[in-house]
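Work through the exercises below with the sequence and the structure at hand. Each task is followed by a solution in steps.

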Amino acid sequence: MRSWDNQPESHPKHRSAATAATTRVVKHHLGDVVATSEAGREARQEVPRDSGQKATYEKLMEQVVTRENAAAAWLAVKRNRGAAGIDGMTSGQLGQHLRQHWEVIGTKLRAGTYVPSPVKRAEIPKPNGGTRMLGIPTVLDRMIQQMLLQVLQPIFDPAFSPHSYGFRPGRSAQEAVVAAQRYVQEGKDWVVDMDITQFFDHVNHDILMHRIAQRIRDKRVLRLIGAYLRAGVMVEGLLVRTEEGTPQGGPLSPLLANIYLDALDEELTQRGLAFCRYADDCNIYVGSQRAAQRVLETVSQWVKRHLRLEVNATKSGAGRPWERKFLGFRINPKGQIEAAPQSVERMKDKVRQMWRSCQSLTSEQLRDRWRAYIRGWWNYFRLAEERRAIDDTEGWIRRHIRKCFWLRWHTPKGRLKALRRLGLRGRLLQTARSSRGAWRLAKTGALHKALNNSVLRRYGFLMPSDLAAAM
């Protein structure tokens, strides 16, 4: 089933069939409580960015709580799975909860009296060190946020800047990088790389709610969004109130971030600056070092004054595009896209982790986990036009694989048996009794012959070049 944000225009008869199919699926899981589609939904208006008029929506909650919208939101939450919130309810248990309580929940939403639960604090490691704080809502609150998102995104998204690429239907990080490359090729070969200090933790609630209220006049919707912003965080059993910020972890958070930072997009556009923004990652492209320094200073001041946010002076800076990274890529002096050195190093860190020998996994499980990782990594970085840095890692990756298997063969007897099984004969088998270190042995002729590139490829141990050849 396609989601609302990528479904193409179709004949009304086809749309009716699709709606009926969705209704049947949801009826099967939830019964008639959430399944029945409501006729006569109010048409959503799209407001061009350059329009002088602002559409207002005074009875939006009725669109939010339609059974059709609720059914689509439930399916999205179930499909995304995710961790349980503070109540311990899983996405698999949500259907039964809705069958029993949906009428009460819907009544509270329509009356504007629904109270969200606090989010559960979780920490995930950042690629460059440190941790990022996530706030995990309950699955019910994730569903209600998804219901809001499905109605609010078609209202706000058409008015966002064309230079904003993050968390928007039909847009991607790769498109942002291609746009950045275009600026560099046009001669704007100095970049202002702006990093906002802990953006999601410091969003000002008053500024955000004011921007939402310029378009949305339904006080119940505004009250519900405000309640989500102020729901608080449970930390070791204690409720910590949230006076600022929008917790990362809920479906609504990315849209709220784009609404907040759309003011920055408007300011940069009014100044006539070339820029690409992906969520809170913003790069501005200019023609000289002097202009870059001036833009960094003045825009940082504007962000502090109007958005009440701080630009991280340590992580931000002005330089050449090949000296800075953007969304894991950089533009080299020839104007080509390539994987940033930091991205290649993070991939190598992952290789070291995945090919440790002391893991309770079978060889097939090691292989399948590697294939899943490298396919995902390549699907993102295949945008790179200059791939020498990626290609240069392949021999090093294979050496880690050979080292891992050498250690997993454990003893001289086990190694001799494995080398014979892989076709080695004669003096090369003496390697099985070697006392040298595994990393050094992984580079010897014996292991290169036993686990040569063709053998590794035949058994499914793929490299980026194999995936590139299959494109």
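**Exercise 1. A bent helix**

Find the kink in helix α5 and compare the span of the helix with that of a straight one.

Solution. The model is predicted. Step 1: α5 has a kink of about 70°, and the kink is centred on His 101. Step 2: α5 covers residues 91-111, and a straight helix of 21 residues would span 30 Å at 1.5 Å a residue. Step 3: between the end C-alpha atoms of α5 the span is only 26 Å. Step 4: just after the helix comes Gly 112, with a positive phi near 75°.

**Exercise 2. The buried residues of the same helix**

Which residues of α5 are buried?

Solution. Step 1: Ser 91, Leu 94, Gly 95 and Leu 98 are among the buried residues of α5. Step 2: the list goes on with Trp 102, Ile 105, Gly 106 and Leu 109. Step 3: an α-helix has 3.6 residues a turn, so residues three or four places apart point the same way.

**Exercise 3. From one helix to another**

State where Asn 80 lies, whether it is buried or exposed, and how far its C-alpha atom is from that of Ser 91.

Solution. Step 1: Asn 80 belongs to helix α4, residues 67-80. Step 2: its relative accessibility is 56%, and the cut-off for exposed is over 50%, so Asn 80 counts as exposed. Step 3: Asn 80 and Ser 91 are 11 residues apart along the chain, and 8.6 Å separates their C-alpha atoms.

**Exercise 4. The mixed sheet**

Give the strand order of the open sheet that contains β1, and describe how its strands pair.

Solution. Step 1: the order of the four strands is β2-β1-β4-β5, and the pairing is mixed. Step 2: β2 (131-136) and β5 (238-240) are the edges; each has a single partner strand, so one side of each lacks a neighbour in the sheet. Step 3: from one strand to the next the twist averages 45°. Step 4: β1 and β2 run antiparallel and are joined by six bridges; Glu 123 has Met 133 in β2 as its bridge partner. Step 5: strand β1 (residues 119-125) pairs with β4 in the parallel sense over two bridges, and Lys 120 is opposite Met 234 in β4. Step 6: strand β4 (residues 233-235) pairs with β5 in the antiparallel sense over three bridges. Here Met 234 has Leu 239 in β5 as its bridge partner.

**Exercise 5. The antiparallel sheet**

Give the strand order of the open sheet that contains β6, and name the helices that lie on it.

Solution. Step 1: the four strands come in the order β6-β7-β3-β8, with antiparallel pairing. Step 2: β6 (274-278) and β8 (317-319) are the edge strands, each pairing on one side only. Step 3: the twist from one strand to the next averages 20°. Step 4: strand β3 (residues 190-195) and strand β7 (residues 281-286) run antiparallel and share six bridges, with Val 192 opposite Ile 284 in β7. Step 5: helix α11 (residues 289-307) packs on the sheet and touches β3, β7 and β8, at about 25° to the direction of β3. Step 6: helix α7 (residues 173-185) lies across β6 and β7 and runs at about 165° to β6.

**Exercise 6. An edge strand and its hairpin**

Why is β6 described as largely enclosed by the rest of the structure, and how does it pair with β7?

Solution. Step 1: four of the five residues of β6 are buried, so the strand is largely enclosed by the rest of the structure. Step 2: β6 pairs with β7 in the antiparallel sense over five bridges, and Tyr 278 is opposite Asp 281 in β7. Step 3: the hairpin of β6 and β7 has two residues between the strands, and Ala 279 in this hairpin takes a positive phi near 55°.

**Exercise 7. Positive phi in two loops**

Place Phe 167 and Arg 308 in their loops and state how accessible each residue is.

Solution. Step 1: Phe 167 is not a glycine, yet its phi is positive, near 55°. Step 2: Phe 167 sits in the loop between α6 (139-156) and α7, and is partly exposed at a relative accessible area of 44%. Step 3: Arg 308, also not a glycine, has a positive phi of about 55°. Step 4: Arg 308 is in the loop between α11 and β8, and is exposed at a relative accessible area of 55%.

**Exercise 8. Confidence**

What is the mean pLDDT of the chain, and over which residues is the pLDDT below 50?

Solution. Step 1: the mean pLDDT is 87, and 87% of the residues reach 70 or more. Step 2: the pLDDT is below 50 over residues 1-48, a stretch with 72 contacts in the model beyond near neighbours in sequence.

Notes. Residues are numbered from 1 along each chain as its sequence is written. This is a predicted model: local features need pLDDT of at least 70, side-chain atom pairs count only at pLDDT 80 or more; totals for chains, interfaces and linings use all residues. Side-chain values use heavy atoms; hydrogens and water are left out. The expected span of a helix is 1.5 Å times one less than its number of residues. The bend at a residue is the angle between axes fitted to the seven residues ending there and the seven starting there. Buried means under 20% relative accessible area, exposed over 50%, partly exposed in between (1.4 Å probe, protein chains only). Two strands pair if DSSP finds at least two bridges between them. Axes are lines fitted to C-alpha atoms, for helices over the stretch in contact, and angles run from 0 to 180 degrees between N-to-C directions. pLDDT is the predictor's confidence in each residue, from 0 to 100. Contact means heavy atoms within 4.5 Å.
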